[in-house]
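Student: I would like a close look at a single part of this protein, set against the rest of the fold. Please take me through it in one connected account.

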Amino acid sequence: MKHVNILVLLLSAVGYLVEPASAEENIPYCDPSEKLAPHGIVLKLGDGYYRSCRPPEKNTERHRFLLRLNPATIPDMISRHKLVSRYKFVDIIITERVDGIDHLNSAFPLNPIEGTRVFGGVPYESHEYVNKKSGDMPAGGVYIYRPSENDDIPFHWVRCSGWERAKGRALFCTVYIQNDDIVASLTFISGEVHGTAFVDHFAAFAKDIERVIEAADVADRLDEMKTFLDVVE
């Protein structure tokens, strides 16, 4: 099958493959197709400031936005991996943690069956529930990765639904990273046609989400950003 560059999938910023930042000079922060190209905008969420190529969503309970930027602006991006299947996806969504809401605790299924699941060789703490009609196949679950000391994989969790109907229908999985101010999430949708190869790459996705957030976080350069960008408080 045609291999797909995970950078392009994660950021959805360009419709073609791009060279790493070290290979080019004067790379625009935003692809020309973006509404706020070429420089983007700075958005405040919690105590943080993030540069993106999309304006914040309107009329939502919590402040949030789609994080878009040109992947070529991120040097030495972790994901040089190739996936073996094509699938639909949703961009990284950054959501403010209002009043310190713990999105992980709110994600747990009722009366979960606890255990361990391994995705791509990486073990996850598993909390699943079973649909009685599907027998032993889990209908969905939450899978938590808790890093050990000096681990390069960040703490993250994955919420999936549709295991029992993956063939011919859809499997939905969302990877989450959370800090004091925000939750970043990335959703993957697959099925019989597109395959479910993405389940072997949750750890890599978590690394990439972390790197993208780091690249977009401009709190320590806010004075510089204000000289040429709009800042939305």
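**Helix H3 and its surroundings**

Student: Which residues of H3 are buried, and how does the helix take part in the largest nonpolar core?

Tutor: The protein, seen here as a predicted model, has four helices and 14 strands. Of its 233 residues, 48% count as buried, and the protein exposes about 12500 Å², of which carbon and sulfur atoms supply 48%. Among contacts between residues at least 6 apart in sequence, 56% join residues at least 24 apart.

Against that background, H3 covers residues 202-216. Its 15 residues should span 21 Å at 1.5 Å a residue, and because the end C-alpha atoms are 21 Å apart, the expected and modelled spans agree. Eleven of these 15 residues are buried, so the helix is largely enclosed by the rest of the structure. The buried residues are Phe-202, Ala-203, Ala-204, Phe-205, Ala-206, Lys-207, Asp-208, Ile-209, Val-212, Ile-213 and Ala-216.

The enclosure of H3 goes together with its part in the largest nonpolar core, which has 40 residues and in which Ile-94, Tyr-124 and Phe-202 have the most contacts. S2, S9 (122-130), S10, S11, S12 (171-178), S13 (182-190) and H3 each supply at least two residues of this core, and the largest share, eight residues, comes from H3. Ile-94 shows how such a core residue reaches across the sequence: leaving aside neighbours within four places, Ile-94 is in contact with Leu-45, His-63, Arg-64, Phe-65, Leu-67, Ile-182, Val-183, Ala-184 and, from the helix, Ile-213. There is also a second, separate core of seven residues, which includes Val-142, Ile-144, Trp-157 and Tyr-176.

The charged residues of H3 add a further layer to this picture. Lys-207 counts as buried because its relative accessibility is 16%, under the 20% cut-off. The side chain of Lys-207 meets that of Asp-152 in a salt bridge, at 3.0 Å from N to O. This pair links distant parts of the chain, since Asp-152 lies in the loop between strand S10 (138-145) and strand S11 (156-161), 55 residues from Lys-207 in the helix. Asp-152 itself is exposed, with a relative accessible area of 53%, so the bridge joins an exposed residue to a buried one.

A second bridge stays within the helix. The side chains of Glu-214 and Arg-211 meet at 3.9 Å, N to O, and both residues lie in H3, three residues apart, about one turn of the helix. An α-helix has 3.6 residues a turn, so residues three or four places apart point the same way. Both partners count as partly exposed, Glu-214 at 49% relative accessibility and Arg-211 at 22%.

These two bridges belong to a total of seven in the structure. For comparison with the helix, one may turn to a group of charged residues elsewhere: Glu-34, Arg-54, Arg-68 and Asp-91 are linked in a network of salt bridges. Within this network, the side chains of Arg-54 and Glu-34 meet at 3.0 Å, N to O. They too link distant parts of the chain, with Arg-54 in the loop between strand S3 (48-52) and strand S4 (64-66), and Glu-34 in the loop between helix H1 (6-11) and strand S2 (41-45), 20 residues apart. Arg-54 is partly exposed, with a relative accessible area of 26%, whereas Glu-34 is buried at 5%. Asp-91, placed in the loop between strand S6 (88-89) and strand S7 (93-96), is buried as well, at 7% relative accessibility, and its side chain makes a polar contact of 2.3 Å with the side chain of Arg-68.

A further buried acidic residue is Glu-128, which is found in strand S9 and has a relative accessible area of 8%. Its side chain makes polar contacts with the side chain of Arg-117 at 3.0 Å and with that of Tyr-143 at 2.5 Å. Beyond neighbours within four places in sequence, the residues in contact with Glu-128 include Pro-109, Asn-111, Pro-138, Gly-140 and Trp-163.

Key. Residues are numbered from 1 along each chain as its sequence is written. This is a predicted model: local features need pLDDT of at least 70, side-chain atom pairs count only at pLDDT 80 or more; totals for chains, interfaces and linings use all residues. Side-chain values use heavy atoms; hydrogens and water are left out. Buried means under 20% relative accessible area, exposed over 50%, partly exposed in between (1.4 Å probe, protein chains only). Contact means heavy atoms within 4.5 Å. Accessible areas come from the Shrake-Rupley method with a 1.4 Å probe; for residues, only the protein chains shown count as cover. A salt bridge is a side-chain nitrogen of Lys or Arg within 4 Å of a carboxyl oxygen of Asp or Glu. A nonpolar core is a set of buried Ala, Val, Leu, Ile, Met, Phe, Trp, Tyr and Cys residues joined through side-chain atoms within 4.5 Å. A polar contact is a pair of N or O atoms within 3.5 Å; within protein, one must be able to donate a hydrogen and the other to accept it, and residues adjacent in sequence count only if both atoms are side-chain atoms. The expected span of a helix is 1.5 Å times one less than its number of residues.
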